[in-house]
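Colleague: I have a few points to go through before using this model. Please give the reasoning along with each value.

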Amino acid sequence: MRKHGVIPVLSLWNHLIYSFNTSGLVSEVMLLYSEMIACGVFPNVFTINVLVHSFAKVGNLSFALEFLRSIDNNNNVDTVTYNTLIWGFCEQGLAYQGFGFLSEMVKKCIHFDTFSCNIVVKGFCRIGLVKYGEWVRYNLVNGGISKDVIGFNILIDGYCKSGDMNYAVELMDRMRKEGLVPDIISYNTLINGFCKKGDFVKATSLIDEILGSCRKKDFKILDSNDHQNEGDNSVILEPNLITHTTLISAYCKQEALEEALSWYEKMVVNGILPDAVTCSSIIYGLCKHGKLAEAKVLFREMETMGVDPNHVTYATLMDSFFKAGNSMDAFALQSLMVVRGIAFDVVVYTILMDGFLKVGKPKEAENMFITLLQQKLVPNSTTYSVLIDGRCKLGDINGAESALEEMKEKNVVPNVVTYSSIINSYIRKGMLDEAVNIMRKMVGENILPNVFIYAALIDGYFKAGKEVVALDLYNEMKLVGLEENNFILDAFVNNLKRSGRVGEVKGLVKDMMSRGLSLDRVNYTSLMDGFFKEGKESAALTLAQEMTEKNIPFDVVAYNVLINGLLRLGKYEAQSVYARMRELDLAPDLITWNTMINAYLKEGKLEYALNLWDDMKSCGLMPNSITCNILMRGLCKAGEIQKALNLLNEMLILGFSPTTTIHRFLLDASSRNGRADAILLMHERLVSMGLKLNQSVFNTLITVLCRLGMTKKAVSVLEDMTGRGFSADTITYNALIHGYCIGSHVKKGFAAYSQMLREGVPPNIVTYNLLLRGLSTVGLMEEADELFREMKEKGLNPNASTYDTLISGHGKIGNKKESIKVYCEMITKGFVPRTSTYNVLINGFAKVGKMAQARELLKEMKLRGALPNSSTYDIIISGWCNLSNQPELDRASKMSCLAEVKNLLLEMNDKQVIPCESTLSDISSTFAKQGKKFNAQNVWKGLYKRKNI
């Protein structure tokens with residue numbers, strides 16, 4: 001048209017500008033206006049109003065105001081222009097500035113109207129200043145502005161949103177008194193307000209009031225002839241789509257699905273067809289109840305009803321599918337949205353990001369975030385929280401903190417969830433102080449941490465052994481007014497379990513329950529586990545009974561704790577426990593199966609265990625490495641090497657490869673016949689099955705060979721190991737030293753020790769204990785003492801095994817003084833000697849007839865918790881018998897010795913310790929008459945069998 005020199009008239013330009021604005025192409029509006037001016041066509045008031053609206057719509061208020069000032073002199077401004085500008089400011093939360101334009105209108109003799117009043121009042125209501133908005137309306141009405149229903153509805157909505165429902169209802173009554181009749185919007189606003197407060201009784205009573213109006217209408221139709229001359233200014237109302245959708249949506253959010261469906265049915269019966277909002281609400285309710293199949297059916301029915309699903313419908317379903325682990329259907333919906341041209345909003349992008357992270361696709365989640373930014377959408381706090389949580393779970397704390405800074409740059413306010421992800425990430429990494437610093441930072445930003453953040457920190461410090469810090473955080477939490485929850489209780493219970501203080505749990509639980517805390521299933525499960533592990537079966541079963549009485553259902557985890565505890569105590573057979581679980585309709589998980597298999601193996605029922613292995617596979621449950629290790633250990637322990645290999649072949653089919661643990665089990669089993677070729681053959685077989693050679697594998701092989709004294713073979717394996725690029729470590733050399741020392745090749749053991757030092761491999765306490773044992777075995781105690789001093793000089797602290805070895809070594813060569821000296825040092829350090837060590841010490845005194853000292857050592861042994869065995873009693877009884885046979889001893893002393901022997905025999909009988917042959921021989925020799933020793937020995941044996949000494 002313009003190419004032909006024809007300039008469009010103003011009305012055509014206005015039509016184009018208006019069309020572009022309504023289509024959302026705001027950037028094109030200003031271009032058209034510029035072209036219009038260039039063509040010499042000047043705007044009228046309609047043009048100006050459209051332009052101001054386009055700028056205000058996108059929040060470009062400064063430009064709108066500047067534009068208005070530039071054309072103000074042409075008098076192309078009216079009430080609509082200023083109303084549009086005021087609306088723009090109020091939409092951006094700038095109600096005071098919008099209100100100020102009324103003064104400017106007065107100065108310019110532009111009158112403001114009811115629309116001006118309502119726009120300003122709504123602006124103040126939007127920012128929560130409802131009372132001020134009402135005051136503005138009151139003054140404007142007094143100034144001559146007309147009252148209308150819309151103004152009242154705005155105020156009713158404002159008071160409903162502020163939670164003041166009583167005043168909102170009062171406004172409705174005032175409206176009637178002032179001659180205005182509430183419309184359906186008035187009622188819908190009140191219904192929505194009551195629904196949000198959960199007061200469905202009042203919401204439905206308002207609907208009944210509307211329906212009463214309908215019935216009055218029907219009555220009027222029937223009696224129209226009788227009332228033709230009567231005036232009636234009442235408005236006949238009917239519940240509309242919004243009325244029903246408001247109620248349906250509220251019921252769905254309250255998880256009252258049956259009521260929502262009932263109202264949905266009433267709506268359809270009354271001839272009101274649902275829209276996308278109604279259907280989306282129902283779908284949300286179905287998804288919340290886990291009825292995804294029904295939600296999918298309704299989604300498909302929407303098409304048959306001619307209702308197009310909107311982005312909220314898709315978002316609701318996608319989110320539910322992701323949460324249910326059904327990512328395939330979720331991504332199918334994403335594709336459908338693309339095909340149908342439904343624009344993604346921030347919520348949809350956020351759900352997709354979260355979904356990608358749930359299925360382990362962090363790169364796709366990051367790409368989705370980038371796409372969101374490219375679409376000029378502004379991420380909200382939830383979007384950033386998802387992004388930050390994803391980065392934290394990948395261990396990218398720097399990336400998470402970078403996203404947090406980006407939030408602040410974009411004026412997106414982080415919330416508790418945002419900070420929780422970063423805090424939890426630091427806790428998982430053991431960086432507890434950094435986690436506390438983040439919490440302090442959020443407090444500085446006026447974001448108060450919740451009880452879950454404190455629970456995570458308290459638990460983290462407990463696990464790190466910093467109980468004092470954990471308790472300080474607990475006290476801080478209480479000071480800021482946060483109450484304990486079940487997570488806090490669980491953190492305390494787990495800490496007491498770890499530190500072996502389960503006895504304190506009852507007091508803690510009682511204290512927290514007195515303050516209103518109720519135990520949940522996790523708490524009960526944790527407590528049961530703790531009591532079972534402490535052997536307090538009665539307390540654990542009492543908790544199980546409490547759960548039943550309180551109708552707290554057992555889940556698989558709780559049942560696993562219960563059956564594991566009972567089976568560990570040997571209280572039930574595996575089959576009866578398994579049957580009971582099936583009766584309760586609980587599907588066993590991997591832990592259950594592993595527990596049952598382990599129980600059968602402990603009972604010696606290998607076939608039952610193997611049958612369970614087959615059963616779990618037939619149930620579609622894939623065994624894990626723990627299952628395989630339990631079965632392999634059980635079969636190898638029972639010497640069923642062939643069955644173990646058959647099982648290993650099955651594991652290979654299932655995708656498992658032999659592990660270092662399985663390698664150890666099978667080598668140990670193969671070593672029982674004492675043949676090196678069987679051990680090496682098993683090793684090669686496992687390598688051919690896919691066992692990856694590493695330092696640990698070679699160490700196991702060397703250890704098994706050395707344990708049997710096959711040091712030459714072990715050295716050959718060591719050469720192979722180093723030839724493959726694996727260096728020998730402390731475990732390797734300890735195995736060689738052990739092999740040499742048990743073969744009495746102590747010099748070779750020390751040669752291995754010297755080589756170890758030359759290669760820079762650090763010896764540990766085990767190394768020195770092995771060398772000390774080797775020296776002790778061959779009686780080289782001076783060298784042992786020298787090595788002991790060297791060990792201490794190198795900063796290694798002796799342990800109980802070190803002291804046991806030295807005491808035994810000195811005792812065996814009769815160096816009683818030195819053995820007692822080492823014993824005293826051992827006791828001072830808090831170690832308790834082994835029974836065999838006490839036996840050596842007692843024997844040293846018994847040999848020289850110092851039975852009083854031997855008796856005192858026996859008493860001390862019992863006090864320290866070391867249990868005497870048959871050897872202990874044999875040594876001390878023989879000592880008393882030998883002492884009683886001394887010719888220089890008087891009769892009273894001899895009788896005293898015999899009384900000691902009788903008391904020891906009674907003690908043995910009480911403790912069910914069987915006397916050995918030498919004990920019986922010594923007693924018989926002492927108590928029998930000359931020539932009757934053999935008969936006396938048989939009598940003692942018979943008496944002991946009848947436990948009637």
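Colleague: By class, how many nonpolar, polar and charged residues does the lining of the largest cavity have?

Modeller: This is a predicted model. The largest cavity is lined by Gly811, Gly814, Lys816, Ser819, Val840, Leu841 and Gly844. Glycine counts as polar here. By class the lining therefore comes to two nonpolar, four polar and one charged residues.

Colleague: Which helix gives the most to the lining of the largest cavity?

Modeller: Two helices, α46 (816-828) and α47 (835-847), each supply at least two residues of that lining. The top contribution is three residues, and it comes from α47.

Colleague: What is the volume of the largest cavity?

Modeller: The structure holds one cavity of 30 Å³ or more. The volume of the largest cavity is about 40 Å³.

Colleague: How many disulfides does the count come to?

Modeller: A disulfide needs two cysteine sulfur atoms within 2.5 Å. For cysteine 881, the closest cysteine sulfur is in cysteine 897, at 8.8 Å, which is too far for a bond. Cysteine 881 is also buried, with a relative accessible area of 1%. By the distance rule, the number of disulfides is zero.

Colleague: Over which residues is the pLDDT below 50?

Modeller: The protein averages a pLDDT of 84, and 92% of the residues score at least 70. One stretch falls below 50, and beyond near neighbours in sequence it has six contacts in the model. That stretch is residues 217-233.

Colleague: Is cysteine 39 buried or exposed?

Modeller: The cut-off for buried is under 20% relative accessible area. Cysteine 39 has 18%, so it is buried.

Definitions and conventions
Residues are numbered from 1 along each chain as its sequence is written. This is a predicted model: local features need pLDDT of at least 70, side-chain atom pairs count only at pLDDT 80 or more; totals for chains, interfaces and linings use all residues. Side-chain values use heavy atoms; hydrogens and water are left out. Buried means under 20% relative accessible area, exposed over 50%, partly exposed in between (1.4 Å probe, protein chains only). pLDDT is the predictor's confidence in each residue, from 0 to 100. Contact means heavy atoms within 4.5 Å. On a 1 Å grid over the protein atoms alone, a cavity is a set of points where a 1.4 Å probe fits but cannot get out, and a pocket is an open set with protein on both sides within 12 Å along at least five of seven lines; lining residues have an atom within 4 Å of a point. Grid points are joined across faces, edges and corners, and a volume is the space filled by probe spheres set on the points. Helices (H or I, at least four residues) and strands (E, at least two) are DSSP runs, numbered from the N terminus.
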